[in-house]
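Trainee: Got a minute to go through this one with me?
Mentor: Sure, put it up.
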Amino acid sequence: MRERDLKALEFDKVIHLVMERCASEPGRAATAELRPSLDTAEVQRRLTTTAEMVELRSHAGSIPINEFTDQRPYLLAAARAGAILGGEALVKVRDFIVGSRHVSGFLRSRVERFPHVAAFVRNLLAPKELADAMLGALADDSTLLDDASPELKRFRSRLRDERADLEARLLRSLNAPGMESFVSDFIVTIRNRRFVLPMKLNYSERFEGIVQDRSVSGETLFVEPMWAVELNNRLMMLEREAEAEETRILARLTAMVGGYAPELQLTFDAMVALDALNARALFAERFRCVEPQLVDEGIDFIGARHPLLMTSGRDVIPIDVKIGAGQRGIVISGPNTGGKTVALKTVGLLSLMAQAGMLIPALAGSKATVFRSVFADIGDEQSIESNLSSFSGHIANLSDIIRSLVEPALVILDEPGAGTDPAEGAALAIGLMNHLGMRRCMLAIATHSTAVKLHAYSQAGFEAAAVDFDAEHLAPLYRLKPHTIGQSYGLAVARRLGLPEEIIRAAEQSMGTGTIELTDSLKRLDSERAKLNVQLEKLRERELNLAQIEQDVLQRAEKAHARAEADRKRLRAEVAELIEELRRDGAALMDELKTRTKSRTDLKGFITKAAAKLESLAPAPDVASESEAPLKVGDTVQVGDIHGELIVLEAGRAVISRGGLRIEVAPERLRRSSASVAENRPVPKSATVTFSVESGEGNELNLIGMRTTDALRKLEEFLDTAFLTNRAEVRIVHGIGSGALRKAVAEYLGTSPYCASFRAAEPHHGGAGATIVQMNL
């Protein structure tokens, strides 16, 4: 793509906005080189990577990328044999290594769901041993730490001690009695790396020494006393040894950096890529950008905003621009300052941004196409140096566009054919539309020409749109209206700005009849369109309301179906439970009838009660069931044939109280007590009950020799009979054995609503081999 087109569409300014959000100079340099890709797979990879970074930031927060320098010169130098990097260079390498390890530690635990970002993180390979070695050797001021090596620590310790000793001796010499007339200043200083005394010219009368330097005025000599020469020499030797050790340490650190140069180069490239990627994510957050969907043909920018307008601090009115698949382009018309050129630039700029891997300032659902070439003819192409007029400059650019065009292409033309005879200019613009429309080329054109507007409106394949304008107040509204032609409002604006009325009337009279009729037709068309838009908005609102109503009805139907299904399941369970209960009760009653403990009057009462229970499972169809109301604490409820007061109602848990007994059940098993309702209902005369008769056991049940499952079933039946026959105490014989059956009986009794308490039998009644149960009557 030509740089002039990128600049005409202000891509360079957007890149600059991204560069401002980079943390490092290498990141800014990489961003400055960012260009739109022509490969669809690469564009998709870039967009996905940027979108992943935006989502990662939304969960993890700011990425800890700080300023770092270009590492390539240091890595290149360190890779050479025998190279020694200075302390300043090594500190920059150290800071980069530590920073990259910090970024790696932050991201590695957070990028599992973001494979494209994770690919960069996997290349953060700066080794810990190198970071530890450099942190242990280098100070922030680029000097070596004393602990960089034992030898360096020893040399520096001796240097400090001997320097302090020599300086103290020299100070005592300066302050010795009688030195006042020979001393220029009572301080010890250094010249030529040797400790000296500032003396007057007559110092030799006091002691012998070597003059190492002289002041600018010549009045002060910096003298090294003869007795201090050997001490200074020894200090210099120690300094040389310390410097040699420092050089050895720097060489060792440089060699380590050189040895890890490949890993550090990969780390540097990954850090630069992450910095640039993070800057694109910051840009996307600031301008509320989204990832567009890539399509083979057409564009659909929903709620698009020009990012440079957003930086001005003004409210930016979004526009919708759609060029469907198979269409050849869009022609935008309307008055000056209405936003035609901004709309054109928005189309071109957002396409370039998407191909560069940047999310676009638009709404979700926007679509973009990957173009092989993007061209723009916007602005004044006049060139004095090339001896070109404005029209000639545009023609030269158009000729270059035709020669350079690679399909599929996006061509953006602002006022094509301007600068010459209007009729010829319009013909030229129509010719361009027809020629480029025959190729895989998408056109975006802004025009004032009536002929061009009508051509776009009448030709299949071109979308005609207009920038919205308040005709009453002559103010632009900066919206884009599809499927219409915009008026220029030139005479209206001229009248508003104070041009004499006689000139305006003369201009109106000079307009052809066809032009006036077209203007009037456009006004009527805008009026009708406004009315249709109002009606359409009402229809859309009604459609949304109907859709909501339909959704609500469907949800209520689903809930009703779910409740009905739950009721059916509950009813089946209750019927099965009731049948089992009646079977047990009937069997017990038959046994008692055989033993004449009960009479036929008791049998009749049992049948009446059984019929009432069966009837209670089917509520009267003409009376609203009270059980439809939600249960609450304090209600009288029942589980099967057990009635009680609801004392706890929680999610997944309910507790009812019956006398001194507390029974915990699932809430869905509860229903409002229907005892009073059942009593008031007539008993069907045709009700019949069948029984399965089994032998009873009196007040004692013997379980010895039974399997645990069979024993517990037998125990359940026995307790049912005992409860119905009002037996206050019963005896369960289970034996001692391994203790498994006794334990199972105890666990069952602990949860049974029939059992008020239980204990081991007295020794003469079976002891540990039997259990006495107090019934809960």
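Mentor: We'll take confidence, then a sheet, then two helix pairs.

Trainee: What does the protein chain average in pLDDT?
Mentor: This is a predicted model. The protein chain averages a pLDDT of 84, and 84% of the residues score at least 70.

Trainee: Where in the protein chain is confidence lowest, and where highest?
Mentor: The low end is helix α21, residues 675–680, with a mean of 45. The high end is helix α11, residues 261–286, at 97.

Trainee: Over which residues does pLDDT stay under 50?
Mentor: One such stretch is 619–627, with four contacts beyond four places in sequence. Residues 676–696 are also below 50, and that stretch has 32 contacts beyond near neighbours in sequence. Where pLDDT is low, the predicted coordinates should not be read in detail.

Trainee: OK, new topic. What is the strand order in the open sheet?
Mentor: Four strands, ordered β1-β2-β4-β3, with antiparallel pairing.

Trainee: Which strands stand at the edges?
Mentor: β1 (189–191) and β3 (209–214). Each has a single partner strand, so one side of each has no neighbour in the sheet. The twist averages 50° from one strand to the next.

Trainee: How many bridges pair β1 and β2?
Mentor: Three, in the antiparallel sense. Arg191 has Arg194 in β2 as its bridge partner.

Trainee: Which strands does helix α9 touch?
Mentor: Helix α9, residues 150–174, packs on the sheet against β2 and β4. Its direction makes about 15° with that of β2. Helix α10, residues 226–259, lies across β2, β3 and β4, and runs at about 85° to β4.

Trainee: Now helix pairs. At what angle do α15 and α16 pack?
Mentor: About 25°, with the axes 8 Å apart. That makes α15 roughly parallel to α16. Their crossing is right-handed.

Trainee: Which residues make that contact?
Mentor: From α15, Ala426, Ala429, Ile430, Met433 and Asn434. From α16, Ala451, Val452, His455 and Ala456. The split is seven nonpolar, two polar and no charged.

Trainee: And α6 with α8, at what angle do their axes cross?
Mentor: Roughly 135°, and the axes come within 10 Å. That makes α6 oblique to α8. α6 passes α8 in a left-handed crossing.

Trainee: Which residues meet there?
Mentor: On α6, Leu90, Val93, Arg94, Ile97, Val98 and Arg101. On α8, Lys128, Leu130, Ala131, Met134 and Leu135. The contact of α6 with α8 has eight nonpolar residues, no polar and three charged.

Methods
Residues are numbered from 1 along each chain as its sequence is written. This is a predicted model: local features need pLDDT of at least 70, side-chain atom pairs count only at pLDDT 80 or more; totals for chains, interfaces and linings use all residues. Side-chain values use heavy atoms; hydrogens and water are left out. Axes are lines fitted to C-alpha atoms, for helices over the stretch in contact, and angles run from 0 to 180 degrees between N-to-C directions. Helices (H or I, at least four residues) and strands (E, at least two) are DSSP runs, numbered from the N terminus. Angles under 35 degrees count as roughly parallel, over 145 as roughly antiparallel, 65 to 115 as roughly perpendicular and the rest as oblique. A crossing is left-handed if the near helix is turned anticlockwise from the far one by less than a right angle, and right-handed if clockwise. Contact means heavy atoms within 4.5 Å. Ala, Val, Leu, Ile, Met, Phe, Trp, Tyr, Cys and Pro count as nonpolar, Asp, Glu, Lys and Arg as charged, and the others, Gly among them, as polar. pLDDT is the predictor's confidence in each residue, from 0 to 100. Two strands pair if DSSP finds at least two bridges between them.
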